[in-house]
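Open your viewer and get ready to click through the model with me. At each stop I will say what to select and what to look for.

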Amino acid sequence: VLHLPELQVLNLACNRGIKDMGAEWTRLITGKTDGSGSEDPTTVASKIQMLYLGYNDFGDEDNNNFPPLKVLSHMKNLHMLDCTSSGVKGKVEGFGSDIVLSQLLLSDNEITEIGGEFCSFSNDVETLNFANNKIELIPNIFDASSLYVMGGVDFSGNQITGVADPDNFKGINASSVNLSNNKLVKFPKELFQAESPITTLNLAGNGIEKIEEGDIVNNRAGGRNKNANLISTIDLRFNKLSSLPDDFRATGIPYLRGFDVSYNCFSKVPEQPLNCSELEAIGVRHQRDEKGRRILREWPVGITECPSLLQLQIGSNDIRKVDEEMTPQLWIVEVKDNPSITLDVTSVCSYISAGLWMLIYDKTQDIRGCDALDIEN
């Protein structure tokens, strides 16, 4: 490989026979496995644009597990790196601010920390994937004030409890941020205090118990978060929430389109998001108390009149008699696993028959007013 100076794409994935891919990667760049060599113009290090090293063995963290910054900084034109499931362990320092990656895949390793100056971030960044590692804090390597907004950053499936250096956290300059399946107990307000330009936020599968007033709409200086109105989708499933602050109203996040708090502890459907004129879908399935008892029993009166709402998922609760008349505007309604529900769909039966209105239900439920439904009497 060292004698192919014009090589731009190198695929060394799935070579478990190479026992220390970290050392081999260092040799590729410097000519020596210990990284002491100088950059050789005949090597391919400065020409490679795409490097596939997934499903390999990077050895141990004390033995050149991942090349250090002084070595990686030679890869001036590297744009895509895949080290998925390669045994990368411990702290990863990165490439330095001169390297601009468009795609980085480091999922399914044993990374515990991401060092500073990891790489440069631009509008060309599509995906930074750090999922399924052992990272405990969101690294302070991004900058929400950057003119460049990346596509997506994925920290799902780690052990994250908060952010690194919370008083000076610079936010994340990405449209989509995935923090699902971590160990967050508190809402990561630092993301919003730093005015991160997030449009899609996934916080499912954490232990969040409460969101405070101002966590989303206020910035660190006490003013308004100018980027709060960018949020369009929030996933809060599988947490421990029982209430929401007014941040979730149209005055705080006016362009919210999708919102899911299924598998939480709400005794009533949270009304705040219903105030958002762009809201199209809301999920409030499976609400339980600490003893596992169904606690959501009331149908959200007036929900069929929400101006833009198209889909309601309210299954696996204990909804009783629904007095509200169904309308064709709210045209996907899911009520499965509400054993005591009584629902009349006479007003939308013609739409059901024409395939223009969808009810997701159990055949054994008390649903009346439309012979087009397969109900067991």
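## Stop 1: a pair of rings

Select Phe248 and Phe259 to begin: both of these residues are buried. The model you are exploring is a predicted one. The two rings of Phe248 and Phe259 form a tilted aromatic pair, with 5.5 Å from centre to centre and 55° between the planes. Now colour the chain by secondary structure and find where each partner sits. Phe248 is in the loop between β13 (233-235) and β14 (258-260), while Phe259 is in strand β14, so the pair links distant parts of the chain, 11 residues apart.

## Stop 2: more rings

How many aromatic pairs does the structure hold? There are 11 of them. For another one, select Phe118 and Phe130, whose rings meet edge-to-face at 5.9 Å centre to centre, with 75° between the planes. This pair also links distant parts of the chain, 12 residues apart: Phe118 is in the loop between β6 (110-114) and β7 (127-129), and Phe130 is in the loop between β7 and β8 (137-138).

Are these two rings buried or exposed? Phe118 counts as buried because its relative accessibility is 1%, and Phe130 counts as buried because its value is 0%.

Keep both selected and add Trp25, Phe58, Phe66, Phe95, Phe142 and Phe155. Together with Phe118 and Phe130, these residues are linked by ring pairs into a cluster.

## Stop 3: a helix under cover

Trp25 from that cluster leads us to the next stop, since Trp25 is also one of the buried residues of α1. Select residues 21-30 to see helix α1: eight of its 10 residues are buried, so the helix is largely enclosed by the rest of the structure. The buried ones are Met21, Gly22, Ala23, Trp25, Thr26, Leu28, Ile29 and Thr30.

What covers them? Show β1 (9-11), β2 (50-52), α2 (69-72) and β3 (80-82), which are among the elements covering the buried residues of α1. Before you leave, click on Gly31, just after α1, where the backbone takes a positive phi of about 95°.

## Stop 4: opposite charges meeting

Next, look for salt bridges; the count comes to 19. Start with Glu334 and Arg285, whose closest N and O atoms are 3.0 Å apart. Glu334 lies in strand β17 (residues 332-334) and Arg285 in the loop between β15 (281-283) and β16 (311-313), so this salt bridge ties together parts that are 49 residues apart in sequence. Both partners are below the 20% cut-off for buried: Glu334 has a relative accessibility of 5%, and Arg285 has 18%.

Move on to Arg320 and Asp318, a salt bridge with its closest N and O atoms 2.7 Å apart. Here Arg320 is partly exposed, with a relative accessible area of 40%, whereas Asp318 counts as buried at 11%.

Then select Asp366 and Arg368, whose side chains meet in a salt bridge of 2.8 Å, N to O. Asp366 is partly exposed at 29% relative accessibility, and Arg368 is partly exposed at 46%. To see salt bridges that share partners, select Lys91, Glu93 and Glu113, which are joined into one network.

## Stop 5: the cysteines

A disulfide is a covalent bond between the sulfur atoms of two cysteines. How many are there in this model? The count comes to one. Select Cys349 and Cys370 to find the bond, with the sulfur atoms 2.3 Å apart. The link is right-handed, with 75° about the S-S bond.

Cys349 is in helix α4 (residues 349-353) and Cys370 is in the segment after β20 (366-368), so the disulfide links distant parts of the chain, 21 residues apart. Cys349 is buried with a relative accessible area of 16%, and Cys370 is buried with 8%.

Finally, select two cysteines without such a bond. Cys14 is in no disulfide, and the nearest cysteine sulfur, that of Cys83, is 12 Å away. Cys14 counts as exposed at 57% relative accessibility. Cys119 is in no disulfide either; its nearest cysteine sulfur also belongs to Cys83, at 13 Å. Cys119, though, counts as buried at 6% relative accessibility.

Methods
Residues numbered from 1 in each chain as written. Predicted model: local features only at pLDDT ≥ 70, side-chain atom pairs only at ≥ 80, totals over all residues. Heavy atoms only, no water. Phe/Tyr/Trp six-rings, centres within 6.5 Å; stacked < 30°, edge-to-face > 60°. Helix = DSSP H or I, 4+ residues; strand = E, 2+ residues; numbered from the N terminus. Buried < 20%, exposed > 50% of the residue type's maximum accessible area, 1.4 Å probe, protein only. Salt bridge = Lys/Arg side-chain N within 4 Å of Asp/Glu carboxyl O. Disulfide = S-S within 2.5 Å. Contact = heavy atoms within 4.5 Å.
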